[in-house]
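Q: Could you take me on a close look at the place where the ligand sits? I am new to this structure, so please go step by step.

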Amino acid sequence: MAAKRWIPEKLFDDLGFRMTYEVGRVLYEVQTEHQHLVLFEHKFFGKMLMLDGATQVTTADEFIYHEMMTHVPIFAHGNAKEVLIVGGGDCGIAEEVLKHKTIKRLTQVEIDASVVEFSKEHFPEFTRKVLADKRFDLIIDDGMKYVARTDRRFDVIIVDSTDPQGPGKVLFSSKFYTACRRCMRKGGVMVTQNGVPIFQPGELKSGVAKFRRLFADGGCYVAAIPTYVGGHMAMGWATDNKKLRHTPVATLAARYRKAGRFPTRYWTPEVQVAAFALPRFIADAVAAGAPR
Ligand code: SAM
């Protein structure tokens, strides 16, 4: 009997450890123009997508990241009409955004068409509804180029990027955040995939420092995602409206009722408020990002 294949996540090789996953079956593997892509079945996590040796999405825990990257900024804003997703190839975030009937248009800018193509076949639970929704506008382009030239303006920008390596590197730059600010409407908010602070404190500190040079309020909120190894994951938060992060539970609950109380498995009004209460070591990393 052929030996089982195990696929390592190489994201933390420089820290001297790897998470390694036993492969049930490889569903798809290719070197695209931009990155190495492998999708395989895992007996506990279900379908697992890895790009350049970093876990992107799994069937078992996708709901946590997708709900927290979507409902937190949209319910905090309270009147979002235009939303931009940068990255988000698998359409897991788009599926959550389009649950908000008040959203008029969702623009998604993804650099790698093959991630969307293969998601049509392998993640129909995300793509089917999204691609059939008239409000959805998919643009294949580098997110940096798009935000630098678009004349669209957005209430909420969600940066669902890979890690700061390869094509995703520019999405952690001041140039990118400055261009995002240019296409944000007054009172708009941007959230970003900002790594796991216990293993990637530098990513959080430098992200917050860049946000705070551009916005009145720069920081993060957290959630625990099992396959983004490292306990808390930080989601970057940048807005000129300092009140948004303090939106009370009662207001969030009322907005959720108005939105039709669509089912969630992680997000609740209480979880949203709690997500901004940072453990001290993360609060210290955020404080370290404050301009001197
Ligand atoms: N949630 C995942 C994570 O936290 O690691 C990310 C999921 S999503 C698959 C990331 C997407 O960002 C990929 O489809 C990748 O192709 C896209 N991407 C990377 N760099 C990009 C860029 N410069 N512009 C637009 N999309 C980009």
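A: Happy to! A good place to start is the space itself: what the ligand takes up is the largest cavity. Please keep in mind that this is a predicted model.

Now look at what stands around the ligand. The shell is made of 26 residues, and the closest are Gln35, Glu110, Gly143, Asp160 and Tyr228. Sorted by class, this shell has eleven polar, nine nonpolar and six charged residues. Strands take part as well: β6 (54-58) supplies at least two residues of the shell, and β8 (105-110) likewise supplies at least two.

Next, let us go down to single atoms, beginning with the backbone. At Gly143, a polar backbone atom is 2.8 Å from a nitrogen atom of the ligand. Pro167 also offers its backbone, with an N or O atom lying 3.0 Å from a ligand nitrogen. Tyr228, by contrast, uses its side chain: a polar atom there lies 2.9 Å from a nitrogen atom of the ligand. How much of the ligand's accessible area does the protein cover? On its own the ligand has 590 Å² of accessible area, and the protein covers 99% of that.

To gather the picture, the ligand takes the space of the largest cavity, and Gly143 and Tyr228 are among the closest residues of its shell. Each of these two also places a polar atom by a ligand nitrogen, Gly143 from the backbone and Tyr228 from the side chain.

Definitions and conventions
Residues numbered from 1 in each chain as written. Predicted model: local features only at pLDDT ≥ 70, side-chain atom pairs only at ≥ 80, totals over all residues. Heavy atoms only, no water. Near = heavy atom within 4 Å. Polar contact = N/O pair within 3.5 Å; in protein donor to acceptor, adjacent residues only side chain to side chain. Areas by Shrake-Rupley, 256 points an atom, 1.4 Å probe, with all protein chains shown as cover. 1 Å grid on protein atoms, 1.4 Å probe; cavity = no way out; pocket = protein on both sides within 12 Å on 5 of 7 lines; lining within 4 Å. Sits in = over half its atoms within 2 Å of the grid points. Helix = DSSP H or I, 4+ residues; strand = E, 2+ residues; numbered from the N terminus. Nonpolar A, V, L, I, M, F, W, Y, C, P; charged D, E, K, R; others polar.
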